Amino acid sequence: MPMGSIHDETGWLNEQDGQLILRRDEGGRWRLDVGFWLWRKSRKLVGRRVRVQGVRSAFDLLDVQKLEAI
């Protein structure tokens, strides 16, 4: 997958070593960079199924643009 590609993923939101992790429904995982503006909302969703939309910025890192519970 090229850098800058847009992704729309669903799965379980977890936290590991202070980093938010999306465990994808299809397998695999993404580390999530939610930024300051989305940090509080994302903390409330840990342990829940979510939908994440974002742009790939590193091998396994998504810069999150939208995060919502499903």
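With 70 residues, a compact globule would be expected to have a radius of gyration near 11 Å, and the chain, at 11 Å, agrees with this. Here the radius is taken over C-alpha atoms, and the globule rule is 2.2 Å times the number of residues to the power 0.38. The structure is a predicted model, in which local features need pLDDT of at least 70 and side-chain atom pairs count only at pLDDT 80 or more, while totals for chains, interfaces and linings use all residues. Residues are numbered from 1 along each chain as its sequence is written, and side-chain values use heavy atoms, with hydrogens and water left out.

Along the principal axes, the C-alpha atoms fill a box of roughly 30 × 25 × 25 Å. One helix and five strands make up the elements of the chain, and their order from the N terminus is β-β-β-α-β-β. Both kinds of element are DSSP runs numbered from the N terminus: helices are H or I with at least four residues, strands E with at least two.

Turning to the surface, about 4,300 Å² of the chain is exposed, with carbon and sulfur atoms supplying 52% of that area; accessible areas follow the Shrake-Rupley method with a 1.4 Å probe, and for residues only the protein chains shown count as cover. Buried residues account for 33% of the 70 residues. Buried means under 20% relative accessible area, exposed over 50%, and partly exposed in between (1.4 Å probe, protein chains only). Among contacts between residues at least 6 apart in sequence, 49% join residues at least 24 apart, a contact being heavy atoms within 4.5 Å.

The interior comes next. The largest nonpolar core holds 13 residues, and those with the most contacts inside it are Leu-13, Leu-32, Val-50, Val-52, Val-64 and Leu-67. At least two residues of this core come from each of β2 (19-24), β3 (29-33), β4 (49-58) and β5 (61-69), with β5 giving the largest share, three residues. Such a core is a set of buried Ala, Val, Leu, Ile, Met, Phe, Trp, Tyr and Cys residues joined through side-chain atoms within 4.5 Å. Beyond its neighbours within four places in sequence, Leu-32 is in contact with Leu-13, Gln-19, Leu-20, Leu-22, Val-52, Leu-61, Leu-62 and Val-64.

Asp-63 is placed in strand β5 and is partly exposed, with a relative accessible area of 31%. Its C-alpha atom is separated by 6.3 Å from that of Leu-32, 31 residues apart along the chain. With neighbours within four places set aside, Asp-63 is in contact with Asp-33, Gln-53, Gly-54, Val-55 and Ser-57.

Two of these partners deserve a closer look. Asp-33, in strand β3, is partly exposed at 38% relative accessibility; apart from residues up to four places away in sequence, Asp-33 touches Leu-61, Leu-62, Asp-63 and Val-64. Gly-54, in strand β4, is buried, with a relative accessible area of 0%. Outside four places in sequence, the contacts of Gly-54 are Ser-5, Ile-6, His-7, Leu-62, Asp-63, Val-64 and Gln-65.

A backbone detail rounds off the picture. Most residues other than glycine have a negative phi. Asp-17, although not a glycine, has a positive phi of about 55°. Asp-17 sits in the loop between β1 (6-16) and β2 and is exposed, with a relative accessible area of 79%.
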